[in-house]
Amino acid sequence: MNWTRRTFLTASSASLALTACRQRENGFFKPPLVNDPGLLRLEQEGGGRLGVTCIDAVGKVLLANRAEQRFAMCSTFKAPLAAALFEAHDRSIADRFARIRVREEDLVPYAPFAEKLVKERRDTTLDELAYQAVTISDNAAANIVLRAIGGLDVFTDFLRRQGDEVTRLDRYEPQLNENAVGDPRDTTSPLAMAGLMQALLIKNTDSAAHSDRLLKWMLDTRTGRGRILAGLPEGWRLGHKTGTAPRSAPSYNDVGIILPPGRPPAILAVYYDRPEKGAEQAEAIIAETARLAAQKIVVK
């Protein structure tokens, strides 16, 4: 039987509670973290910093490297942004389904969906904009949704309510992709992002509908086919969100929920900062990271 979120939560509620009592610290699971030798080898091969955390459905760390170091989020923030919109709608802060018009002044670099709306003078909804922000990473769509829910501080407050004390968003697209060395703005850690996605996709008992919707959207993602997905065994599914910083300070990121046939899910967060050999090699290293994660998922 393929995993579904509801069957997993029903079958393992007691295990989740016991594990949480033993291991929860500062909002997320915090077992001892040891850098994996295979990941260290990949990092040495490609240069730069390779940040990785893979956790199973109850939060046990299966694979890690630089798990608690800060990395630029780039567009990976757009998956939790969608969840923040769902909550804002429920709290009557933003209406997901109200018709709105995207304006010329809303456009920023890489906004294919928003640009088409402006050209055709068509209305849309915040729901559709959030979907396009997740699935094709439309930057203008993300900015509009972010402002609609109340802005940067409101989004960061949403993360804190999920138990994430690390991730922060300080700027809008595309400035958030600056990725300056030592700048904590617009950063996360692989461990924090893995825990956040676990909270939103697996452990969100307050709103199963939100988790199911976010999972569907992430399964529809069309970017980054050469990253995590390329390293998974045949028949495994992936719901994910990518992020990429410009060539001046390159970063190649991918965060997702892995759905192996007949097994509970796992979360994998990969942040690859300033690799030395270009985009193709960086994506190959992310794919190899996913292969190592798949091995851990199978044998755990």
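Trainee: In which loop is Ser 92 found?

Mentor: The model under discussion is predicted. Ser 92 has a positive phi of about 60° although it is not a glycine. The residue is found in the loop between α3 (78-90) and β6 (99-101).

Trainee: Is Ser 92 buried or exposed?

Mentor: The cut-off for the exposed class is a relative accessible area over 50%. Ser 92 has a relative accessible area of 68%, and therefore counts as exposed.

Trainee: Is Asn 179 buried or exposed?

Mentor: Asn 179 is a residue other than glycine with a positive phi, near 55°. Its place is in the loop between α7 and β8. The limit for burial is under 20% relative accessible area. Because Asn 179 has a relative accessibility of 9%, its class is buried.

Trainee: To which residue does the cis peptide bond from Glu 173 lead?

Mentor: The residue in question lies in the loop between α7 (152-161) and β8 (187-188). The peptide bond has omega near 0°, and it runs from Glu 173 to Pro 174.

Trainee: In what order do the five strands of the open sheet stand?

Mentor: Strands of a sheet pair through backbone hydrogen bonds, either parallel or antiparallel. In this open sheet the pairing is antiparallel. Neighbouring strands are turned by 10° against each other on average, direction ignored. The order is β4-β3-β11-β10-β9.

Trainee: Which strands stand at the edges of that sheet?

Mentor: An edge strand of this sheet has a single partner strand, so one side of it is left without a neighbour in the sheet. This applies to β4 (61-65) and β9 (237-245).

Trainee: How many residues of β4 are buried?

Mentor: β4 stands at an edge of the sheet, with one side left without a neighbour there. The strand is nevertheless mostly covered. Of its five residues, the number buried is five.

Trainee: Which residue of β4 is the bridge partner of Val 52?

Mentor: β3 (residues 49-56) and β4 pair in the antiparallel sense over four bridges. One bridge joins Ile 55 to Val 61 in β4. For Val 52, the bridge partner in β4 is Asn 65.

Trainee: Which residue in the turn between β3 and β4 has a positive phi?

Mentor: β3 and β4 form a hairpin, with four residues between them. In the turn, phi is positive at about 100° for Gly 59.

Trainee: Is Thr 289 buried or exposed?

Mentor: Thr 289 lies in helix α10 (residues 278-299). Not counting residues up to four places away in sequence, Thr 289 touches Leu 39, Leu 42, Leu 50, Val 52, Leu 63 and Val 270. Because the relative accessible area of Thr 289 is 0%, the residue counts as buried.

Trainee: What arc around the axis of α4 do its buried residues cover?

Mentor: The buried residues of α4 are Phe 113, Ala 114, Leu 117 and Val 118. They lie on the same side of α4, because they cover an arc of only 135°.

Trainee: Which elements are included in what covers the buried residues of α4?

Mentor: The buried residues of this helix include Phe 113 and Leu 117. Their cover includes β7 (123-125), α5 (126-135) and α6 (139-148).

Trainee: What is the relative accessible area of Lys 116?

Mentor: Lys 116 lies in helix α4 (residues 112-120). From Val 102 it is 14 residues away in sequence and 9.7 Å away in space, C-alpha to C-alpha. Lys 116 counts as partly exposed because its relative accessible area is 44%.

Trainee: Which residue takes a positive phi just after α4?

Mentor: Helix α4 spans residues 112-120. Just after the helix, a positive phi of about 55° belongs to Arg 121.

Trainee: How is α8 placed relative to α9: parallel, antiparallel, perpendicular or oblique?

Mentor: The axes of α8 (residues 190-201) and α9 (residues 208-219) come within 8 Å and cross at roughly 120°. Because of that crossing, α8 is to α9 oblique.

Trainee: How many nonpolar residues does the contact of α8 with α9 have?

Mentor: Met 197, Leu 200 and Leu 201 in α8 meet Ser 211, Leu 214, Leu 215 and Met 218 in α9. By class, this contact has no charged residues and one polar residue, while the nonpolar residues number six.

Trainee: What percentage of the residues in the protein chain is buried?

Mentor: The secondary structure of the protein chain comes to 10 helices and 11 strands. Among contacts between residues at least 6 apart in sequence, 67% join residues at least 24 apart. Of the 300 residues in the protein chain, the buried ones make up 58%.

Definitions and conventions: Residues numbered from 1 in each chain as written. Predicted model: local features only at pLDDT ≥ 70, side-chain atom pairs only at ≥ 80, totals over all residues. Heavy atoms only, no water. Helix = DSSP H or I, 4+ residues; strand = E, 2+ residues; numbered from the N terminus. Buried < 20%, exposed > 50% of the residue type's maximum accessible area, 1.4 Å probe, protein only. Axes fitted to C-alpha atoms, helices over the stretch in contact; angles between N-to-C directions. Parallel < 35°, antiparallel > 145°, perpendicular 65-115°, else oblique. Contact = heavy atoms within 4.5 Å. Nonpolar A, V, L, I, M, F, W, Y, C, P; charged D, E, K, R; others polar. Pairing = 2+ DSSP bridges. Arc of directions from axis to C-beta.
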